[in-house]
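Student: I would like to go through this fold and check how each label is earned. Shall we start once the structure is on screen?

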Amino acid sequence: MCDFSQFIPDVDPYFLPNAGTYKLIEAVVADKVFFPVYIYGLSGIGKTMNVEQACAANKRPMFRAQITRDTNNEDLIGAYSLEQGNTVWKDGPVLKAYRSGGVLLLDEIDLNPTLMILQGVLENKPLFVTQTGELVKPKQGFTVFATGNTKGDGGDAKYVGTSVLNDAFLERFVTIIEHKLPTIAVEKRIIDRFCKVEGIELDADLYDNFLRWIELVRKSYTDENIESYISSRRIQYILRVYKMTGDFKNSLKIVLARYPQITSDALFKTWNAING
């Protein structure tokens, strides 16, 4: 019997659940039911982390398959490899999840529309491994989550490489849910927890202006006045750089350099207007 405890994620001290999606995710993980869920939304706002932390809270093994345009059946199911002169079969994430009754996470699934071997997996069916001749049945508790930046419809042009997914593939998910940007109230709680864990202290005026800036930038994004938003991940990057440098304005410049120059300049101009 294999020990799959090493695949139970660690509890993340920075994590705060997204009220819009976590409740369902956690219920599926805790109840050990087969209930495939596709979660889509903007990058950097916690889609993967919500699944990971639901598994951590319930001590469930999770097997993450990072999907790319080059991902193939062997990457998911397994393959033979050479070890010390011997040919040895190595299970991929799908078979590990099957054998353990664990959670399979298909991350960035909308990057590859060709993985039709997952059809049966999304039906909780036994999987015949042609290379070994073994028929593997999913153990009780097995389930699947998938994440993507789009709803499987080709989505936003800024997510280069995302594809239209086969409708028969999408039909096998019980539900497709959108993971939305946190409200400013939730983002404030995330920032507070992050600063507490990291030992970061922000001046009261700086803190208030930072929240105002985040709120204004996100409103401008949702109103389609700018093409970029500030994710929870990027907010934490700003705070991490500030912890290292002690210079908040320079920390913004460093982290905002990820965007096109015209966007970076506009975001920085907005900050200067708010913070004087």
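Student: In what order do the five strands of the open sheet lie?

Tutor: The model is a predicted one. The order is β2-β5-β8-β1-β9, and the pairing is parallel.

Student: What makes β2 and β9 edge strands?

Tutor: Strand β2 (62-66) and strand β9 (175-178) each pair on one side only. As for twist, neighbouring strands of this sheet are turned by 20 degrees against each other on average, direction ignored.

Student: How do you know that β5 and β8 are paired?

Tutor: Two strands pair if there are at least two bridges between them. Four bridges join β5 (residues 103-107) to β8 (residues 143-148), so the pair meets that condition. One bridge sets L106 opposite A146 in β8.

Student: Which helices lie on this sheet, and at what angles?

Tutor: Helix α2 (residues 47-57) lies across β1 (37-40), β2, β5 and β8, and runs at about 170 degrees to β5. Helix α4 (residues 93-100) also packs on the sheet, where α4 touches β2 and β5. The direction of α4 makes about 165 degrees with that of β2.

Student: Why are β3 and β4 called a pair?

Tutor: The cut-off is at least two bridges, and six join β3 (residues 78-83) to β4 (residues 86-91), so β3 and β4 count as paired. These strands run antiparallel, with G78 opposite D91 in β4. They form a hairpin with two residues between them, and Q84 in the turn has a positive phi of about 50 degrees.

Student: Why is the pair of Y14 and F194 called tilted?

Tutor: Ring centres must lie within 6.5 Å, and planes under 30 degrees apart are stacked while those over 60 are edge-to-face. Here the centres are 5.0 Å apart and the planes stand at 35 degrees, so the pair is tilted. By this rule the model has 16 aromatic pairs.

Student: What makes the Y14 and F194 pair a tie between distant parts of the sequence?

Tutor: Y14 lies in the segment before α1 (22-31) and F194 in helix α7, so the pair ties together parts that are 180 residues apart in sequence.

Student: What lines the largest pocket, and which elements contribute?

Tutor: The largest pocket has a volume of about 640 Å³. Its lining holds 30 residues, and G44, I45, G46, M49 and R233 lie nearest the centre. At least two lining residues come from each of α2, β2, α7 (184-198) and α9 (232-245).

Student: How many of the lining residues are nonpolar, polar and charged?

Tutor: The lining of the largest pocket has 10 nonpolar, 12 polar and eight charged residues.

How values were computed: Residues are numbered from 1 along each chain as its sequence is written. This is a predicted model: local features need pLDDT of at least 70, side-chain atom pairs count only at pLDDT 80 or more; totals for chains, interfaces and linings use all residues. Side-chain values use heavy atoms; hydrogens and water are left out. Axes are lines fitted to C-alpha atoms, for helices over the stretch in contact, and angles run from 0 to 180 degrees between N-to-C directions. Contact means heavy atoms within 4.5 Å. On a 1 Å grid over the protein atoms alone, a cavity is a set of points where a 1.4 Å probe fits but cannot get out, and a pocket is an open set with protein on both sides within 12 Å along at least five of seven lines; lining residues have an atom within 4 Å of a point. Grid points are joined across faces, edges and corners, and a volume is the space filled by probe spheres set on the points. Ala, Val, Leu, Ile, Met, Phe, Trp, Tyr, Cys and Pro count as nonpolar, Asp, Glu, Lys and Arg as charged, and the others, Gly among them, as polar. Rings of Phe, Tyr and Trp (its six-membered ring) pair if their centres lie within 6.5 Å; planes under 30 degrees apart count as stacked, over 60 as edge-to-face and the rest as tilted.
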